[in-house]
Amino acid sequence: GGPKDPGAELAPACVRPVRKRSDDGIEEGVPAANDEKQERRRWRWQAHHVRVERALVHDHRLKEEIRGDYIFWLNEEDKNKASETFFNTINDFVTYINATCYLGITTKEFHYAMYPEGTFYKRHLDVFKNDTRRKLSIVCYLNDENWQPEFGGELVIYKPEEDIKIYPLKGRVVIFESQILEHEVKPVHRKRFSITGWLKTS
């Protein structure tokens, strides 16, 4: 035979024997007297996996049907020079609108967003049912190239009297009311980059 496994002699002393499970969750080598118990366990195991699979498939489909972007949350306290410039500008803006529009903005949250080709974000509002703190939505586009209409990815803001179509041109900033204006991102045909976030009350 080949070289001896150096751990083989240690195994009986330090490893407790375990019952091997088959793919359906049944313990192999269990006496036949437990057949009824094993059968109940088999059904519970299979039912559990059906529920989990359905939940995962539903979640995957739900996300794909609604949105397809990838995000990375920004931390104002852990910033580089570029993000520091961005947050300084946002903070100046918050000071201005609180002084002029009395919105009472106290907090903010922002993330990078990347839409791969073929992805989108269906029509929605930027508020949750149980959390209405978001007041203003802000999008700052980071695309390097000169964005063309055929690239898609336009932001559509739905107003009662008209729909506003906004292409993600480099450096363009869009600000709108989070609780009032429904909007969506049309399918993109070129990678689309932005910083997206919200100004919030306490």
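Tryptophan 147 sits buried in this predicted model, with a relative accessible area of 5%. Its ring partner is phenylalanine 151: the two ring centres are 5.2 Å apart and the planes stand at 85 degrees, so the pair is edge-to-face. Phenylalanine 151 also counts as buried, at 9% relative accessibility. In total, the structure holds five aromatic pairs.

Another of these pairs brings together phenylalanine 86 and phenylalanine 87. Here the centres lie 5.6 Å apart with the planes at 70 degrees, so this pair, too, is edge-to-face. Both residues are buried, phenylalanine 86 with a relative accessible area of 14% and phenylalanine 87 with one of 3%. Ring pairs tie Phe110 in as well, giving a cluster of Phe86, Phe87 and Phe110.

Two of those cluster members turn up again in the nonpolar interior. The largest nonpolar core has 13 residues, and the members that touch the most others are Phe86, Ile90, Phe110, Ile195 and Leu199. At least two core residues apiece come from helix H3 (81–100), strand E4 (134–141) and strand E9 (192–200). H3 makes the largest contribution, with five residues. As for phenylalanine 110, leaving aside residues up to four places away in sequence, its contacts take in Trp73, Leu74, Phe86, Phe87, Ile90 and Ile138, plus the run Ile195, Thr196, Gly197, Trp198 and Leu199. A second core, separate from this one, comprises 12 residues, among them Tyr141, Leu155, Leu181 and Val188.

Then there is arginine 192, which belongs to strand E9. This arginine is buried but has no salt bridge. The nearest side chain of opposite charge belongs to aspartate 69, and that is 7.4 Å away; a salt bridge calls for nitrogen and carboxyl oxygen within 4 Å, so aspartate 69 does not qualify as a partner. What the arginine 192 side chain does have is a backbone neighbour: one of its polar atoms lies 2.7 Å from the backbone oxygen of glycine 153. Gly153 also appears among the residues that arginine 192 touches, not counting those up to four places away in sequence; the others are Ala113, Met114, Tyr115, Tyr141, Asn143, Trp147, Leu155, Pro168 and Val185. Two of these contacts, Tyr141 and Leu155, are members of the second core, and Trp147 is the buried tryptophan described at the outset.

Aspartate 69, for its part, is not without a charged partner. Its side chain meets that of arginine 67 in a salt bridge, with N to O at 2.7 Å. Aspartate 69 is buried, at 14% relative accessible area, whereas arginine 67 is partly exposed, at 30%.

The salt-bridge count for the model comes to eight. One of them joins glutamate 109 to lysine 200, whose closest N and O atoms are 3.6 Å apart. This pair links distant parts of the chain, since glutamate 109 is in strand E2 (residues 107–115) and lysine 200 is in strand E9, 91 residues apart. Lysine 200 is buried, with a relative accessible area of 9%. The pair is also part of a salt-bridge network that links Glu109, Arg134 and Lys200. Elsewhere, aspartate 131 and arginine 133 form a salt bridge of their own, with the closest N and O atoms 2.8 Å apart. Arginine 133 is partly exposed, with a relative accessible area of 34%.

Note on methods. Residues are numbered from 1 along each chain as its sequence is written. This is a predicted model: local features need pLDDT of at least 70, side-chain atom pairs count only at pLDDT 80 or more; totals for chains, interfaces and linings use all residues. Side-chain values use heavy atoms; hydrogens and water are left out. A nonpolar core is a set of buried Ala, Val, Leu, Ile, Met, Phe, Trp, Tyr and Cys residues joined through side-chain atoms within 4.5 Å. Buried means under 20% relative accessible area, exposed over 50%, partly exposed in between (1.4 Å probe, protein chains only). Helices (H or I, at least four residues) and strands (E, at least two) are DSSP runs, numbered from the N terminus. Contact means heavy atoms within 4.5 Å. Lys and Arg count as positive and Asp and Glu as negative; His and the chain ends are not counted. A polar contact is a pair of N or O atoms within 3.5 Å; within protein, one must be able to donate a hydrogen and the other to accept it, and residues adjacent in sequence count only if both atoms are side-chain atoms. Rings of Phe, Tyr and Trp (its six-membered ring) pair if their centres lie within 6.5 Å; planes under 30 degrees apart count as stacked, over 60 as edge-to-face and the rest as tilted.
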